[in-house]
Amino acid sequence: MLNTPELPISLFQFKFRFEGNSQLPAYAGSAWRGAFGSALKQTVCVVKDTPCQHCMLKDSCAYPYIFETPPPPHSEKMCKYTAAPHPFVIKARLEKQHNSNEYQLGIILFGRSYRYLPYIIHAFDKAGKHGLGGKRQRFQLEQVNQLQAGQAPQLIYQDGKLLQAALSETIAIPDCPSELTIRLDTPLRIKQDGQNCNEQRLTFAAFFGSLLRRQSMLTYFHTDQPLETDFAGLMAEARAVDISGRQLGWHDWTRYSSRQQTQMNMGGLLGSFSLSGDLQHFWPYLWLGQWTHTGKGTSMGLGAYTITAASLPDLKD
């Protein structure tokens, strides 16, 4: 039995203002993720100096659910892991408009994390005011818009006031094209047999397997409708699909982890590859993956990709 993932998604555009030149790195999602986590904990934690796993409020607190995301007791999946997939993705980019400095940050929320939206907005506001990077560059949150397919952006936050946001939505899946190209927009980190998939080692089975696992885990931990499908059958089909038009290269990138107090190698694949043939069984997961991302470091924006084909709409986020 082949089913498709039911994963409600909420997409928001945070607009900040900053002075001077941006001091943030090219992949600023890491800096924003760290600042967001720190600000969120300061915002909601009422039991100081107590690790979350020992806190009696951990099952009802926004911080551990959003930022640490431990598997719940008696979980049938990932029970040996300390953390399940986080219910958010940060998409960072810099844009200048009308001779002023504007920083746009995309935030994608999955499933039940939507209920914590006020805390999330407050935490990003607090993080921006505190400053990011080694020089503590400050960002002033001016407004937040919610983005929905086929609609104009809806203003939900401005001047410190939270307005009513629309409900989350399930992404509509267009018809499957017979040929498509996947463009890797941020470094893709996937391991197979204990090794990173480089430009020669990446296979469709590795790419799709990572995507299938991530979307399965997101539905299991963050929705009331866990994905139930023929995982083994899908993977058997995926191993028969070849990648063509391979234009991939490895991009080295490091980030500093304040928690581990060390530089971490976060390099991954950039570029594009093409697929053709009967892709119907894979298509819903591939299309949804443009919002979920795949591989390692997804919450900070890694593993982002865009699908292009002659018959497909042009995504604007």
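**Figure 1. Burial of S10 in strand 1 of the predicted model**. S10 counts as buried because its relative accessibility is 1%, under the 20% limit. The residue is placed in strand 1, which spans residues 8–17. Leaving out residues up to four places away in sequence, S10 touches I107, I108, L109, Y114, Q146 and S168.

**Figure 2. The largest nonpolar core**. This core comprises 46 residues. Within the core, I182, F207, L275 and L286 have the most contacts. Two or more residues are given by each of strand 1 (8–17), strand 3 (100–110), strand 8 (179–188), helix 4 (204–222), helix 5 (231–238), strand 14 (268–276), helix 6 (283–292) and strand 15 (305–308). The greatest contribution is that of helix 4, with 8 residues.

**Figure 3. Surroundings of L275, and a second core**. Which residues are in contact with L275, once neighbours within four places in sequence are left aside? They are S178, E179, L180, I182, F204, V241, D242, I243, S244 and L286. Two of these partners, I182 and L286, are listed with L275 among the residues that have the most contacts inside the largest core. Separate from that core is a second one of 40 residues, which includes F14, A39, C61 and Y103.

**Figure 4. A nonpolar surface patch that includes L57**. The patch is formed by V46, M56 and L57. Together these residues have about 350 Å² of accessible area. L57 is located in the loop between helix 1 (29–44) and helix 2 (62–68). Its relative accessibility is 31%, so L57 counts as partly exposed.

**Figure 5. Cysteines without disulfides**. The structure holds 0 disulfides. For C45, the nearest cysteine sulfur belongs to C55 and is 6.5 Å away; a disulfide would require the two sulfur atoms to be within 2.5 Å, and C45 is therefore in none. C45 is buried, with a relative accessible area of 19%, a value just under the 20% limit that separates buried from partly exposed residues. C197 also counts as buried, at 2% relative accessibility.

**Figure 6. Positive phi at D193 and H293**. Most residues other than glycine have a negative phi. D193, which is not a glycine, has a positive phi of about 55°. D193 lies in the loop between strand 9 (191–192) and strand 10 (195–196). With a relative accessibility of 75%, D193 counts as exposed. H293 likewise has a positive phi, near 65°, in a residue other than glycine. The position of H293 is in the loop between helix 6 and strand 15. Is H293 buried or exposed? At 0% relative accessibility, H293 counts as buried.

**Figure 7. The salt bridge between E142 and R17 and its network**. The whole structure contains 5 salt bridges. In one of them, E142 pairs with R17, and the closest N and O atoms are 3.3 Å apart. This bridge links distant parts of the chain, with E142 in strand 4 (residues 140–147) and R17 in strand 1, 125 residues apart. E142 is partly exposed, with a relative accessible area of 32%. R17 is also partly exposed, with a relative accessible area of 23%. A network of salt bridges links R17, E102 and E142.

**Figure 8. The salt bridge between D224 and R112**. The side chains of these residues meet with an N to O distance of 2.9 Å. The pair connects distant parts of the chain: D224 is in the loop between helix 4 and helix 5, and R112 is in the loop between strand 3 and helix 3 (117–130), 112 residues apart. D224 is exposed, with a relative accessible area of 69%, whereas R112 counts as partly exposed at 26% relative accessibility.

**Figure 9. The salt bridge between R183 and D185**. The N to O distance between these side chains is 2.6 Å. R183 is partly exposed because its relative accessible area, 39%, lies between the limits of 20% and 50%. D185 is likewise partly exposed, with a relative accessible area of 29%.

Technical notes
Residues numbered from 1 in each chain as written. Predicted model: local features only at pLDDT ≥ 70, side-chain atom pairs only at ≥ 80, totals over all residues. Heavy atoms only, no water. Core = buried A, V, L, I, M, F, W, Y, C linked by side-chain atoms within 4.5 Å. Buried < 20%, exposed > 50% of the residue type's maximum accessible area, 1.4 Å probe, protein only. Helix = DSSP H or I, 4+ residues; strand = E, 2+ residues; numbered from the N terminus. Contact = heavy atoms within 4.5 Å. Patch = residues over 30% accessible without salt bridge, like charges linked within 9 Å, V, L, I, M, F, W, Y side chains within 5 Å. Areas by Shrake-Rupley, 256 points an atom, 1.4 Å probe, with all protein chains shown as cover. Salt bridge = Lys/Arg side-chain N within 4 Å of Asp/Glu carboxyl O.
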